[in-house]
Structures are given as C-alpha cells and as structure tokens.
Amino acid sequence: MKEIISTKIIKWFYDIHGPLDEYRRNELNRIGNNIAIFLLSINLLLSFIASLLMLNTNNSELTLDIVVSVLLLTVFASSGYILYETKRHHLTEIDVEAKQEGKTKQKFIKRAIGLGIYFAIVMYGLTILIDWLPNKGALIPLLTEPSTISSAIFSGLIYGLLMGTWEIHQIKSDPNDKKATQNHLHQKYWLILFIIIIITSLLLMHK
C-alpha cells in the first residue's frame, strides 16, 4: 500500500524506518500532543515575560536575546524529549536479519555523510549571512574566511557522526549470531578510530 505524503512526513520527522503501524502512530500522537502543550505554555509565558521586559527596561536588544535564547532551549528540549521517548518505546528500532545488517549500516553511513555535508553547507551559509547582514560590506572576504569554513566543516562532521551513530544504534539483529557479534565489535573499533581521526584533524586544522 502506497504511503500518503503526511505519513512520509511523520516518518521522516521522527526518523521512523519501519511501517507506521497503529502502536507507533498512537505513541507519536501522544509525543506530539505533549510537545504541543509544552510549546504553547512556553510561548505564552515567553510573550508575557518579553512584554514585561519591554515595559520596564525598554531594552529591545536584551528582550530579543532572551526570547531567542528561550526559543532555542525549547527546540533542544523538544528534540531531546522526542529522542528519549522514541528510544524508550522502541519506535525507531529497525529489525534486520544478521546477513543484511552490514548493508543496512552502509546505507545509514552514506546517509549520515550526506546529512553532514548538507548541515555543513547550511551552517556555512547562515554564518556568512549573519556576518554580512549588520554592515552589508564586502561578501568575498566572508566566503573565504578560514574560521567560517573550519567551523562549518566541524559542525558537519559532528552532526554526521551523531546522526550516523544514532541510526546505526537503532539496528537490531539476532544477538545469538556470532558473526553479527563480531561485526559489532569491528564496527565499534572502526567508530573509535574514526572519532580519533576527526579530533586529530580538527586540532591540526586549528593550529
């Protein structure tokens, strides 16, 4: 049965790889309702606090900093809650046969690399835009700024690494399969080596 667009969006947003059955849909509805109530309460409280600050201090810069900071915190809190609940209720787990585990992980590694590149490009563009908007000066020096490029690369590597590690961790196979267990150990060793290489490269880059 072909999935409708709304179902694809829900699965993409919550990182659901299997079928969206009734159990998963009910749990996702509960998680979404809790987040909606939380965000509505925070927005009402934030609007009230921002109004009080403007009336008492007339400091628009301070008010904007507080509003933006609180909004960012709510985004991080909501994302953390989603990850916690989907993990606790096994909503994002992927059941695969032991012989298909390697191919599935390779698929997620390629996806993580793509996400890392995409995130690095977005961060690079946003950093340039934020630096350019206040004065609207020369754009070329901003495009070639070493700190901007290294920061974007660092952000992309960390994001790709986290997403790849998270998605690979969701794969579940037969724990009694000795070959699968050996593959898990080898992948952990390669992951540790990969992290060491990234940290070393970043340190050399900043010197």
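Helix axes here are lines fitted to C-alpha atoms over the stretch in contact, and their angles run from 0 to 180 degrees between N-to-C directions. With that in hand, let us walk through this structure, which is a predicted model.

Start with the overall layout. The protein has seven helices and two strands, and along the sequence these elements follow the pattern α-α-α-β-α-α-α-β-α. Of its 207 residues, 24% count as buried. If you take the contacts between residues at least 6 apart in sequence, 71% of them join residues at least 24 apart.

Now to the way the helices pack. Two packed helices are described by the angle between their axes and the distance between the axes. For helix 1 (residues 5-14) and helix 2, the axes come within 12 Å and cross at roughly 70°. Angles of 65 to 115 degrees count as roughly perpendicular, so helix 1 and helix 2 are roughly perpendicular to each other. Their crossing is left-handed. On the helix 1 side, T7, I10 and Y14 take part, and they meet R25, L28, I31 and G32 in helix 2. By class, the residues of this contact divide into four nonpolar, two polar and one charged.

The next pair gives another arrangement to look at. Helix 2 (residues 22-57) and helix 3 (residues 60-88) have axes that come within 11 Å and cross at roughly 170°. An angle over 145 degrees counts as roughly antiparallel, and helix 2 and helix 3 are therefore roughly antiparallel to each other. The crossing of helix 2 and helix 3 is right-handed. Their contact has 16 nonpolar, seven polar and two charged residues.

Which residues make up the largest nonpolar core? There are eight: Y14, I16, L20, L28, I31, I35, I82 and L91. Helix 2 provides the largest share of this core, with three residues. A good place to zoom in is L28, one of the core residues and also part of the meeting of helix 1 with helix 2. Leaving aside residues up to four places away in sequence, L28 touches I10, Y14, I16, L20 and L91.

From there, move to T63, which is found in helix 3. Is T63 buried or exposed? Buried means under 20% relative accessible area, and T63 is buried because its relative accessible area is 7%. Its contacts, not counting residues up to four places away in sequence, are with A50, L53 and M54. For a view across to helix 2, pick L52, which lies in that helix. The C-alpha atoms of L52 and T63 are separated by 9.4 Å, with their positions 11 residues apart along the chain. L52 has a relative accessible area of 38%, so this residue is partly exposed.

A last stop is the backbone at H90, a residue in the loop between helix 3 and strand 1 (94-95). Most residues other than glycine have a negative phi. Phi of H90, however, is near 55°, a positive value in a residue other than glycine. At 47% relative accessibility, H90 counts as partly exposed, because that class covers values between the 20% cut-off for buried and the 50% cut-off for exposed.

Methods:
Residues are numbered from 1 along each chain as its sequence is written. This is a predicted model: local features need pLDDT of at least 70, side-chain atom pairs count only at pLDDT 80 or more; totals for chains, interfaces and linings use all residues. Side-chain values use heavy atoms; hydrogens and water are left out. Helices (H or I, at least four residues) and strands (E, at least two) are DSSP runs, numbered from the N terminus. Angles under 35 degrees count as roughly parallel, over 145 as roughly antiparallel, 65 to 115 as roughly perpendicular and the rest as oblique. A crossing is left-handed if the near helix is turned anticlockwise from the far one by less than a right angle, and right-handed if clockwise. Ala, Val, Leu, Ile, Met, Phe, Trp, Tyr, Cys and Pro count as nonpolar, Asp, Glu, Lys and Arg as charged, and the others, Gly among them, as polar. A nonpolar core is a set of buried Ala, Val, Leu, Ile, Met, Phe, Trp, Tyr and Cys residues joined through side-chain atoms within 4.5 Å. Buried means under 20% relative accessible area, exposed over 50%, partly exposed in between (1.4 Å probe, protein chains only). Contact means heavy atoms within 4.5 Å.
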